[in-house]
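Biologist: Could you take me through this structure step by step, starting with the ligand and then turning to the cysteines?

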Amino acid sequence: DKLDDIIASGKLRCAVVLDFPPMGMRDDKNEPQGFDVDYCKDLAKALGVEAKIVETTFPERIPALMANKVDVGVASTSDTLERAKTVGMTIPYYAFEDVVVANEKAGIKSWEDMKGKTIGATAGTYEAIWAEKQVKGWGVGAFRPYQSQADVFLALSQGQIDATVATTEVAEANMKTGKFPGLSLAGKTPMVPDYVALIAKREEYGLLNYMNLFINQQVRTGRYAELYHKWISKNDPADLTIHGIYR
Amino acid sequence: MFSTSLTLSDVVFLAQGAGMTILVTALSVATGTVLGVIFGVLRLQLGTILAMPLVFFLDIFRSIPLLIQLVLANAFVGMVLQLETSGFTIACIVLSLYTASYCAEIVRGGIQAVPSTTRRAARSLGMTWFQDMRYIVAPLATRIALPSWIGLALGVMKDSALVYVVQVTELLKSTQILITRLQEPLFLLLVCGAFYFLISFPLARFGGYLEKRWSK
Amino acid sequence: MIEIQSLHKSFGPLEVLKGIDLTVNKGEVVTIIGGSGSGKSTLLTCINGLEPIASGKVIVDGIEVHAKSTNLNTLRQKIGIVFQQWNAFPHLTVLENVTLAPRKVLGLSKAEAEAIGEKQLSHVGLGAKLSTYPTMLSGGQQQRMAIARALAMSPDYMLFDEVTSALDPQLVGEVLETLKMLAEEGMTMICVTHEMAFARDVSHRVAYFHRGVMAEIGAPEQIFGDPQHEETRKFLASVR
Amino acid sequence: MIEIQSLHKSFGPLEVLKGIDLTVNKGEVVTIIGGSGSGKSTLLTCINGLEPIASGKVIVDGIEVHAKSTNLNTLRQKIGIVFQQWNAFPHLTVLENVTLAPRKVLGLSKAEAEAIGEKQLSHVGLGAKLSTYPTMLSGGQQQRMAIARALAMSPDYMLFDEVTSALDPQLVGEVLETLKMLAEEGMTMICVTHEMAFARDVSHRVAYFHRGVMAEIGAPEQIFGDPQHEETRKFLASVR
Amino acid sequence: MFDYTFQWSQAMARLPQMLDGAATTMEVAILSMLIGIVLAIVLTVLRRSPVAPLRAIARTWVEIARNTPALFQIYMAHFGIASFGIHLSPFTSLLIGITFNNAGYLAENFRGALKAIPDTQIRAGRSLGMSEMQAFRHIVLPQMLRVAFLPMTNQMVWAVLMTSLGVTVGMNSDLYGVTQDLNALTFRTFELFAIAGVIFYLITKLITLGARLLAARLFRY
Ligand SMILES: Nc1ncnc2c1ncn2[C@@H]1O[C@H](COP(=O)(O)OP(=O)(O)OP(=O)(O)O)[C@@H](O)[C@H]1O
Ligand SMILES: Nc1ncnc2c1ncn2[C@@H]1O[C@H](COP(=O)(O)OP(=O)(O)OP(=O)(O)O)[C@@H](O)[C@H]1O
Ligand SMILES: [Mg+2]
Ligand SMILES: [Mg+2]
């Protein structure tokens with residue numbers, strides 16, 4: 001099966017989204033880096049193979065997996081039931097909370113002010129699907145999906161959209177770069193935390209099983225906290241379990 | 001004054017993207033031209049009815065957006081056939097067929113523009129069909145078709161900007177990556193546009209010049 | 001010897017040749033005259049197999065042209081043909097025009113082919129134009145080049161289809177002179193022409209075509225002096 | 001009345017008309033003959049202001065053609081012109097060709113314009129071709145249509161520039177007949193032509209142009225019978 | 001190897017949404033063509049203008065439109081223009097991008113068509129007393145349109161195909177955008193895009209057929 005294939009080929013191909021700092025991005029030599037990049041490398045190391053980072057966009061990451069361009073996705077993939085019909089999901093390896101990032105000119109202070117505004121997000125993401133639903137529910141304002149997180153922030157800083165919904169990590173990392181003077185954080189969204197999973201083909205139980213244990217080991221050995229401190233913040237890492245539920 | 005945080009390594013990164021654009025274009029145009037010549041000749045040789053499936057097949061590549069062709073080919077090869085192929089291969093295959101579909105039309109036009117009397121003269125000297133094609137039709141049709149072919153090659157280069165959907169980092173995608181980091185959209189886009197323009201413009205002018213010269 | 005036996009030929013519903021019988025012997029010059037559309041050009045293209053036929057036979061030196069087994073490319077090497085429209089290959093020099101077929105079809109070396117080409121081109125008076133491109137030639141010169149090109153294959157028979165009718169009047173003479181020279185050298189020729197003086201002076205026999213039928217054939221003196229057929233008389237009166 | 005006074009005209013460094021003086025009276029037919037490039041066509045296009053001039057004057061019915069204040073569009077309505085090349089408008093039917101200018105320039109209604117158009121087309125013998133497109137017409141018919149098109153504007157003067165020289169010989173006659181008819185109806189005409197018989201039979205005066213100069217002008221009997229100028233004699237000898 | 005299960009019914013259920021998208025695609029294509037034709041005529045006139053800067057502007061437009069990728073032009077129309085503080089909706093950006101492209105290509109076609117009409121035609125018109133405008137309007141323009149009609153049909157087809165690039169500027173109401181959105185929800189990539197491909201194919205065939213019928217009516221000479 002796939003697990004054997006990976007070990008035999010000596011190579012693990014991970015789909016990673018590289019315009020999604022700090023999970024995936026490029027350093028000033030334009031080499032991939034970030035939480036997801038390191039996570040992939042750890043997985044490869046555990047398997048005893050070499051890691052190969054394949055950059056994908058958000059809309060393209062699952063097609064890339066299905067089309068055998070990659071073996072696994074370490075791409076902050078939200079574990080929705082709809083998607084699980086098509087791909088196999090591991091236990092969560094990370095949990096995002098989403099915040100509103102607004103252009104200061106739009107005068108948005110909190111989620112409640114978003115009604116009637118133009119909201120953008122990255123096409124095909126959990127938060128995009130959620131935000132589009134909210135906008136449709138309000139019946140006013142507009143929703144715009146862009147092809148990448150970068151285009152969303154570009155559009156936001158140019159004032160083409162008034163606000164976006166993004167993960168706290170991404171929002172903070174982007175703000176830290178100092179490239180976005182006109183933007184500010186405007187509070188949390190009333191969205192349940194976005195648990196993300198590693199993905200592989202639905203039928204590759206061996207591989208999925210291995211990855212579940214791998215995620216568990218990452219937390220147990222403290223490597224998860226280490227990566228969290230390296231890329232995200234000095235605070236305590238996000239909780240990967242929900243109280244009162246097995247998985 | 002104007003200032004940019006573009007570093008030397010970023011320029012190298014852009015150049016790699018440009019290199020990818022040129023590589024994909026060169027491979028696709030080369031393969032597509034060979035296929036196009038074969039299809040173009042076949043189309044004329046097969047007769048109207050027999051050629052219909054070929055005409056229909058080629059027409060598809062000219063009638064649906066290249067973006068959809070790429071997505072579909074990617075999904076088909078990977079999801080349906082379950083083959084492990086790189087995005088680069090998919091991009092080259094699709095662009096080759098795309099080139100071939102236009103090239104076949106150009107080739108057909110070029111061959112048809114060779115007067116039938118000239119071809120009869122060749123045959124009546126005892127030349128075979130192949131010799132006629134090789135020594136008479138090919139050189140004459142090439143002159144007629146070359147300007148359009150240059151236009152086609154440049155068109156493919158511009159259209160290769162779409163191969164980003166199959167994870168090939170060509171020039172426009174590299175530019176977008178740098179925009180993400182540097183947040184200087186206008187400057188970077190202008191650099192990118194200038195690159196396309198500097199390759200395309202002189203060649204297009206050269207094609208126009210050839211057309212003028214050979215139409216006399 | 002070229003033998004044509006009850007040859008029929010149609011283009012779609014249009015019957016263009018309605019049973020032609022004609023034998024041309026070695027060394028003979030036969031001229032074909034007749035109105036436009038009477039099937040003269042079609043006959044020539046049937047003789048060297050450029051056109052398929054409906055029924056009948058064309059036999060050249062004992063080989064049936066339209067038999068399935070016949071290698072037409074080999075056969076055409078013995079039958080040179082020159083058309084009304086100048087069919088120069090515009091991308092080749094005059095010498096290359098003439099040497100192409102000897103090299104590619106007969107497999108001669110470049111030097112051998114060029115020796116033959118130069119000889120034939122001097123023969124038709126183009127010895128000084130070897131490296132010129134055809135577009136720089138007059139119509140008459142292009143026609144003479146086409147004749148040299150056909151002769152370079154050392155054909156046993158030559159077919160000429162109104163080789164002068166697309167030429168300006170002052171250029172006709174030079175081409176007819178070349179044909180006359182060939183005839184005097186003993187080449188077997190079938191010439192379709194509208195030049196009555198040429199037909200009378202050069203040919204051994206003259207055939208008159210009318211609507212796909214060879215209405216009359218005979219010595220030039222007879223055809224021009226004492227035409228038997230009503231239509232021949234009318235035609236000759238109209239061209240005079 | 002058309003008065004031309006010491007008219008000079010150049011194309012760049014090339015002086016094409018070197019001081020022309022000519023007066024054409026109402027009802028008069030003046031024919032201009034002369035070698036190629038002698039400036040005949042240029043003179044006609046200067047008369048209706050299609051070309052600017054260097055110096056001199058052209059006065060039509062008292063109005064100076066090249067004066068700044070002159071409305072050329074109005075002036076051209078009285079001067080019809082027909083050119084050597086058939087300038088049919090290929091996208092319009094024969095009737096539409098003729099009615100376009102009356103409708104758009106004179107502002108006539110469609111019905112009025114069509115009445116005039118039909119009249120003029122029957123006049124030149126094209127009454128049966130109203131809804132044909134010009135590409136379906138012979139050259140002679142196209143030229144007659146061009147004449148009808150000019151006449152439909154009810155011009156006081158007509159200029160003809162070698163209207164037959166691009167026609168096959170058998171079509172020349174019908175067009176010359178039309179011109180003759182117009183002359184007989186009393187139209188004031190200036191005709192540039194190579195048809196000497198026409199010049200002799202129809203015109204009141206014949207002018208001979210040589211290298212931008214009007215070398216000689218006089219009654220046709222005089223010009224053809226007793227040319228005064230050395231060049232006129234040479235020219236007439238060459239065209240005969 | 002062929003263990004992929006096609007789920008056409010799931011994709012076909014989304015057909016109404018995709019047809020809505022096709023309508024938006026047509027709307028963009030038609031608008032971009034109409035405005036593009038007007039602009040192309042203006043550009044053609046400017047390229048013959050005696051004023052050098054006007055000629056330069058027109059030439060620059062045409063050359064950029066013809067020598068850079070359409071995707072670049074559309075991206076510019078959204079993110080490039082916004083650098084000057086001008087904010088356009090995805091629809092407008094896409095429309096501007098395609099129109100810019102159309103106008104450039106069409107202007108080049110019109111220039112060729114204009115060359116194909118002999119000067120003597122204008123002369124003939126002027127000598128009948130027509131003004132320059134009248135001669136252009138009634139004599140040159142109709143003939144020019146005939147010569148340029150086939151290239152215009154091709155450009156219309158390209159305009160339809162170019163709408164698929166709208167997703168890069170946040171467009172999600174056109175056929176491609178709708179398809180991509182549906183794909184994000186269901187991941188039936190092959191089925192959804194195959195249906196979109198068929199719709200695009202039918203649209204382009206309809207355009208070619210319509211153009212042929214129109215040409216037969218318009219150009220009877
Ligand atoms: N390829 C073709 N397809 C259909 N009809 C043809 C073809 N070639 C010739 N014809 C027809 O066959 C008839 C005979 O043509 P052919 O060229 O042999 O006449 P011809 O005697 O050589 O006339 P001309 O003196 O005008 O050259 C004509 O009616 C012509 O239209
Ligand atoms: N638009 C132009 N630009 C430059 N030179 C011109 C132009 N029109 C005419 N000429 C030149 O002006 C001279 C006179 O031309 P014109 O057409 O008046 O001669 P013509 O007497 O009508 O000759 P033809 O009998 O050949 O028509 C010629 O040398 C011609 O080359
Ligand atoms: Mg013939
Ligand atoms: Mg003239």
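Modeller: A polar contact here is a pair of N or O atoms within 3.5 Å. Please keep in mind that this is a predicted model.

Biologist: How far does a backbone N or O atom of Gly37(C) lie from an oxygen atom of ligand 1?

Modeller: Gly37(C) is one of the residues around ligand 1. The pair to consider joins a backbone N or O atom of Gly37(C) to an oxygen atom of the ligand, and the distance between them is 2.8 Å.

Biologist: Which element gives the largest share of the shell around ligand 1?

Modeller: A polar side-chain atom of Thr42(C) lies 2.4 Å from an oxygen atom of ligand 1. In chain C, the elements that give two or more residues to the shell are strand S2 (14–24) and helix H1 (40–47). The largest share, three residues, comes from H1(C).

Biologist: Which two cysteines form a disulfide?

Modeller: The cut-off for a disulfide is a pair of cysteine sulfur atoms within 2.5 Å, and the count over all chains comes to one. The sulfur atoms of this pair are 2.2 Å apart, and the residues are Cys14(A) and Cys40(A).

Biologist: How many residues apart in sequence are the parts that this pair ties together?

Modeller: Cys14(A) lies in strand S1 (residues 11–16) of chain A, whereas Cys40(A) lies in helix H2 (residues 35–47) of chain A, so the parts tied together are 26 residues apart in sequence.

Biologist: Why is the sulfur of Cys192(B) without a bond to the closest cysteine sulfur?

Modeller: Cys192(B) is buried, with a relative accessible area of 2%. The closest cysteine sulfur belongs to Cys92(B), and it is too far for a bond because the distance is 19 Å.

Note on methods: Residues are numbered from 1 along each chain as its sequence is written. Chains are lettered from A and ligands numbered from 1 in the order in which they are written. This is a predicted model: local features need pLDDT of at least 70, side-chain atom pairs count only at pLDDT 80 or more; totals for chains, interfaces and linings use all residues. Side-chain values use heavy atoms; hydrogens and water are left out. A residue is near a molecule or strand if one of its heavy atoms lies within 4 Å of it. A polar contact is a pair of N or O atoms within 3.5 Å; within protein, one must be able to donate a hydrogen and the other to accept it, and residues adjacent in sequence count only if both atoms are side-chain atoms. Helices (H or I, at least four residues) and strands (E, at least two) are DSSP runs, numbered from the N terminus. Buried means under 20% relative accessible area, exposed over 50%, partly exposed in between (1.4 Å probe, protein chains only).
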